[in-house]
Amino acid sequence: MSNERLTVVGGGLVGSAIAYGAARRGISVRVLDQGDTAFRASRGNFGLIWVSSKGGGMMRYARWTRDAARLWPELHEELLALTGVDTGLQQTGGFWLGFSEKEVQARAELLEKIDKGAGGIPYRMMEPAELRQYLPGLGPAVVGGSFGAHDGQVNPLMLLRALHAGLKKRGAEIISGVDVVDVRHQADSGQFSILSRDGQRWSSDRLVLAAGLGIPALAEKVGLYAPVITTRGQVLITERLKPFLHYPTNKARQTREGSVQIGSTSEDVGFDDRTTTDKIEWLAHRAVATFPALKAARLVRAWGALRPLTLDGYPIYQRSESCPGAFVAICHSGVTLAAAHAFVIGPWMAGLTQPPPDFEVFRSDRFLDPNASFSHDH
Ligand SMILES: Cc1cc2nc3c(=O)[nH]c(=O)nc-3n(C[C@H](O)[C@H](O)[C@H](O)COP(=O)(O)OP(=O)(O)OC[C@H]3O[C@@H](n4cnc5c(N)ncnc54)[C@H](O)[C@@H]3O)c2cc1C
């Protein structure tokens with residue numbers, strides 16, 4: 001049991017998973033979170049564990065995503081046994097569905113490249129007739145698709161609840177309603193001093209910044225460069241329907257409770273998390289084209305949420321050189337990567353283990369090249 005204190009700023013899926021991973025290894029953990037006023041992707045996402053197509057431009061990320069998905073059953077079982085909270089894990093594979101020959105062809109080429117480059121990410125391209133064996137009710141607009149064996153889905157709200165309950169069971173402290181405005185490293189003591197807007201102060205031996213869109217302002221105070229951008233995702237929810245969709249797809253998934261979650265958009269609109277009628281209409285049309293039976297379903301809810309993203313869409317996991325003990329963690333897929341954050345990143349950032357091999361690729365230095373251009377659209 002270590003007496004070191006680790007403070008994690010950000011109690012979303014990324015911060016909570018990392019904090020949980022440290023707490024389960026005996027570290028004394030504190031999580032500081034803004035609470036209900038914050039932008040929180042962790043409470044507005046699509047709930048997919050998605051390996052297929054991840055990492056086309058960075059094979060280390062493809063392998064990281066693959067390995068994270070493999071760890072998911074262990075996280076699910078552990079949280080269930082510890083807290084009684086069921087994340088709703090269903091990891092029987094998932095389908096990507098395409099509307100044009102061109103996009104299906106592009107998909108096949110991408111999946112081949114990833115499987116060859118990263119290894120162990122099997123996929124299968126399917127014609128509509130074969131797809132219908134798994135997804136009865138598929139509409140004629142779907143001209144092809146792919147199946148990824150590692151893909152799956154969870155209830156992301158239950159995942160967050162399970163992580164928070166697990167943190168408490170492991171003796172961690174979660175303090176919400178706290179807007180952290182300053183973090184300082186005291187070189188003489190090696191301690192971090194953390195200040196909230198309402199004047200509360202905490203000190204800590206180690207610090208993880210996992211505050212999503214709140215990261216950049218804090219990171220620079222501990223010598224870390226962490227450019228973060230955002231895209232808005234809008235999502236629709238139908239009334240509860242009889243089970244008909246037995247696998248998650250990139251366009252719709254049916255929850256255990258029966259509602260169908262339809263998603264999601266990707267819009268560059270800054271810090272605007274509202275829903276808009278044009279995008280709701282677009283999502284609804286696309287869902288009905290995919291599964292025509294949805295035409296009769298009533299929509300009961302829609303929301304928008306902001307994704308914290310890096311410039312190239314791949315994560316930043318980095319320790320500070322100038323302020324030892326400070327780290328930053330930001331990623332595009334906090335659900336998919338949750339188990340790796342808990343079992344691998346948490347112990348590393350808590351000082352218990354070395355970083356995984358070849359992890360330098362996730363440093364933010366890659367954004368400093370003035371000649372480089374980036375796209376997060378993948
Ligand atoms: C529509 C949509 C669909 C998505 N679908 C998927 C999917 O299917 N699968 C998947 O893997 N991922 C998906 N994602 C992405 C996923 O939701 C995010 O990767 C993940 O939630 C990011 O978690 P986070 O903890 O980094 O950020 P957030 O959830 O945004 O949490 C950040 C936390 O930091 C806190 N905070 C911020 N600033 C401060 C501060 N100054 N002081 C204290 N606390 C602070 C906030 O209170 C907040 O709780 C989706 C996202 C969206 C929006």
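**Close-up views of the ligand site and a helix pair**

**View 1. Polar contacts hold our attention first, starting with Ala 41.** In this predicted model, a polar backbone atom of Ala 41 sits 3.1 Å from an oxygen atom of the ligand. The side chain of Asn 45 also places an N or O atom 3.3 Å from a ligand oxygen. For Leu 48, the partner is a nitrogen atom of the ligand, 2.8 Å from a backbone N or O atom of this residue. The protein buries 96% of the 1000 Å² that the ligand exposes when taken alone.

**View 2. Here is the shell of 36 residues that surrounds the ligand.** Asp 33, Ser 42, Leu 48, Val 180 and Gly 334 are the closest of them. By class, the shell holds 17 nonpolar, 15 polar and 4 charged residues. Helix 1 (13–23), strand 2 (28–33), strand 13 (229–240) and strand 16 (299–309) each give two or more residues to the shell. Strand 16 provides the largest share, with 3 residues.

**View 3. Helix 2 (residues 59–83) packs with helix 8 (residues 338–349).** Their axes are 6 Å apart and form an angle of about 85°. An angle of 65 to 115 degrees counts as roughly perpendicular, so helix 2 is roughly perpendicular to helix 8. On the helix 2 side, the contact residues are Trp 64, Ala 68, Leu 71, Trp 72, Glu 74, Leu 75 and Glu 78. They meet helix 8 residues including His 341, Phe 343, Val 344 and Ile 345. Sorted by class, this contact has 12 nonpolar, 1 polar and 2 charged residues.

Note on methods:
Residues are numbered from 1 along each chain as its sequence is written. This is a predicted model: local features need pLDDT of at least 70, side-chain atom pairs count only at pLDDT 80 or more; totals for chains, interfaces and linings use all residues. Side-chain values use heavy atoms; hydrogens and water are left out. Axes are lines fitted to C-alpha atoms, for helices over the stretch in contact, and angles run from 0 to 180 degrees between N-to-C directions. Helices (H or I, at least four residues) and strands (E, at least two) are DSSP runs, numbered from the N terminus. Angles under 35 degrees count as roughly parallel, over 145 as roughly antiparallel, 65 to 115 as roughly perpendicular and the rest as oblique. Contact means heavy atoms within 4.5 Å. Ala, Val, Leu, Ile, Met, Phe, Trp, Tyr, Cys and Pro count as nonpolar, Asp, Glu, Lys and Arg as charged, and the others, Gly among them, as polar. A residue is near a molecule or strand if one of its heavy atoms lies within 4 Å of it. A polar contact is a pair of N or O atoms within 3.5 Å; within protein, one must be able to donate a hydrogen and the other to accept it, and residues adjacent in sequence count only if both atoms are side-chain atoms. Accessible areas come from the Shrake-Rupley method with a 1.4 Å probe; for residues, only the protein chains shown count as cover.
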